[in-house]
Amino acid sequence: MNPGDPRPELRAPFVAWPTVFLLAGVIALWSASTWAGTRGALPPWAAFLLCAATGYFAFTPVHDATHGAVCRDDGRGVDDNAAFAVVE
């Protein structure tokens, strides 16, 4: 895709909202399953499986962020923060 392409249907949106919502869901599910596992609300094996699944689903936002596809800002601040939110 060429950023100067005159065809608007090929232009990426300013913010990739599905990726942002997936990122929020990944962080929420990982936090909730970790909390529930450490408090005894979930068996350890179930908490582990949920955390492992969120690690799998976290690949998409991190991958998109490394390519600068989460937000079309000039400074890449949103993309960097999206990637670091999952990695750290």
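## Surface and burial

The accessible surface of the protein chain comes to about 6100 Å² in this predicted model. Carbon and sulfur atoms account for 69% of that surface. The chain has 88 residues, and 24% of them count as buried.

One nonpolar patch on the surface is made by Leu22, Tyr56 and Phe57, and its area is about 330 Å². Phe57 lies in helix 2, which covers residues 44–57. With a relative accessible area of 44%, Phe57 is partly exposed.

## Overall fold

The protein chain contains four helices and zero strands. Read along the sequence, the pattern is therefore written α-α-α-α. Among contacts with a separation of 6 or more, 48% join residues 24 or more positions apart.

## The nonpolar core

The largest nonpolar core consists of five residues: Leu23, Ala65, Val70, Ala82 and Ala83. Within this core, Val70 can be followed through its contacts. Leaving out residues up to four places away in sequence, Val70 touches Phe14, Val15, Ala16, Thr19, Val20, Pro61, Asp64, Ala65, Val78, Asp79 and Ala82. Two of these partners, Ala65 and Ala82, also belong to the core.

Thr19, another partner of Val70, is found in helix 1, which spans residues 17–39. Thr19 has a relative accessible area of 10%, so this residue counts as buried. Apart from neighbours within four places in sequence, Thr19 is in contact with Pro61, Asp64 and Val70. Pro61 and Asp64 are also in the contact list of Val70.

## Around Ser33

Ser33 is placed in helix 1. Is this residue buried or exposed? Ser33 is buried, because its relative accessibility is 2% and the limit for buried is under 20%.

Not counting residues up to four places away in sequence, Ser33 touches Leu42, Ala47, Leu50 and Cys51. Ser33 can also be compared in position with Thr54: the two are 21 residues apart in sequence, and their C-alpha atoms are 9.5 Å apart in space.

## Cysteines

How many disulfides does the structure hold? The number is zero. Cys51, one of the residues touched by Ser33, has a relative accessibility of 21% and so counts as partly exposed. Buried requires a value under 20%, which is why 21% does not qualify. Cys71 has a relative accessible area of 6% and is therefore buried.

Conventions
Residues are numbered from 1 along each chain as its sequence is written. This is a predicted model: local features need pLDDT of at least 70, side-chain atom pairs count only at pLDDT 80 or more; totals for chains, interfaces and linings use all residues. Side-chain values use heavy atoms; hydrogens and water are left out. A disulfide is a pair of cysteine sulfur atoms within 2.5 Å. Buried means under 20% relative accessible area, exposed over 50%, partly exposed in between (1.4 Å probe, protein chains only). A nonpolar core is a set of buried Ala, Val, Leu, Ile, Met, Phe, Trp, Tyr and Cys residues joined through side-chain atoms within 4.5 Å. Contact means heavy atoms within 4.5 Å. Patches are made of residues with over 30% relative accessible area and no salt bridge: like charges are joined within 9 Å, nonpolar side chains (Val, Leu, Ile, Met, Phe, Trp, Tyr) within 5 Å. Accessible areas come from the Shrake-Rupley method with a 1.4 Å probe; for residues, only the protein chains shown count as cover. A salt bridge is a side-chain nitrogen of Lys or Arg within 4 Å of a carboxyl oxygen of Asp or Glu. Helices (H or I, at least four residues) and strands (E, at least two) are DSSP runs, numbered from the N terminus.
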